[in-house]
Amino acid sequence: MEKRIHCNYEIIVSCAINDIEIVIGHNCNPKAPSPYVCWYCRNKTDYFWGRYCVSLEGAQKYFDERLKKEFESM
């Protein structure tokens, strides 16, 4: 996976389903109040509906829920 950064978050996990991608980003700034985020993404540049989290586990929960929702709608 190529290195991508959006709003100081490095994308560390991604999964593409049809024309949508679900990603987890990590902000390496130790002062970031929410160092993890789960976004939907289009075209690897249009990030939206972010859920910000204090832990990777929290972001993974949203990631898994969003994947399940997308697979169920296929």
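**Strands β3 and β4.** Select β3 (20-26) and β4 (36-42) first; in this predicted model, the two strands run antiparallel and are joined by six bridges. To find one of these pairings, display His26 together with Tyr36, its bridge partner in β4. Keep β3 selected and inspect its surroundings: six of its seven residues are buried, so the strand is largely enclosed by the rest of the structure.

**The hairpin of β2 and β3.** Add β2 (9-17) to the selection. This strand pairs with β3 in the antiparallel sense, over seven bridges. Within the pairing, Val13 stands opposite Ile24 in β3. Next, move to the turn: β2 and β3 form a hairpin with two residues between them. Select Asn18 in that turn, where phi is positive, at about 55°.

**Cys38.** Return to β4 and select Cys38, which lies in this strand. Is Cys38 buried or exposed? Its relative accessible area is 0%, and because buried means under 20%, Cys38 counts as buried. Show the residues around it, leaving aside neighbours within four places in sequence. Cys38 is in contact with Ile22, Val23 and Ile24, with Trp49, Gly50 and Arg51, and with Ala59, Tyr62, Phe63 and Arg66. For a distance label, choose the C-alpha atoms of Cys38 and Arg66: these residues are 28 apart along the chain, yet the two atoms are separated by 9.2 Å.

**Helix α1.** Now select α1 (56-72). The 17 residues of α1 should span 24 Å at 1.5 Å a residue, and its end C-alpha atoms are 24 Å apart, which agrees. Colour the buried residues of the helix: Gly58, Ala59, Tyr62, Phe63, Arg66, Leu67 and Glu70. Which strands help to cover the buried residues of α1? The cover includes β2, β3, β4 and β5.

**Phe63 and the largest core.** Within α1, centre the view on Phe63. Apart from neighbours within four places in sequence, Phe63 is in contact with Val13, Ser14 and Cys15, with Ile22, Val23 and Ile24, and with Cys38. Display the largest nonpolar core next; it has 13 residues, of which Ile22 and Phe63 touch the most other members. At least two residues of this core come from each of β3, β4, β5 (46-53) and α1. The helix α1 gives the most, with four residues.

**The second core.** There is also a second, separate core of seven residues. To locate it, select Ile11, Val23, Val37 and Cys41, which are among its members.

**The whole chain.** Finally, zoom out to show the entire chain, which contains one helix and five strands. Their order along the sequence is β-β-β-β-β-α. The radius of gyration is 12 Å, close to the 11 Å that the globule rule gives for 74 residues, so the chain is as compact as a globular protein of that length. Along its principal axes, the C-alpha trace spans about 40 × 25 × 20 Å. Colouring by burial will mark 41% of the 74 residues as buried. With the surface displayed, the chain exposes about 4,800 Å², of which carbon and sulfur atoms supply 52%. Among the contacts with a separation of 6 or more, 32% involve residues 24 or more positions apart.

Note on methods. Residues are numbered from 1 along each chain as its sequence is written. This is a predicted model: local features need pLDDT of at least 70, side-chain atom pairs count only at pLDDT 80 or more; totals for chains, interfaces and linings use all residues. Side-chain values use heavy atoms; hydrogens and water are left out. A nonpolar core is a set of buried Ala, Val, Leu, Ile, Met, Phe, Trp, Tyr and Cys residues joined through side-chain atoms within 4.5 Å. Buried means under 20% relative accessible area, exposed over 50%, partly exposed in between (1.4 Å probe, protein chains only). Contact means heavy atoms within 4.5 Å. The expected span of a helix is 1.5 Å times one less than its number of residues. Two strands pair if DSSP finds at least two bridges between them. The radius of gyration is taken over C-alpha atoms; the globule rule is 2.2 Å times the number of residues to the power 0.38. Accessible areas come from the Shrake-Rupley method with a 1.4 Å probe; for residues, only the protein chains shown count as cover.
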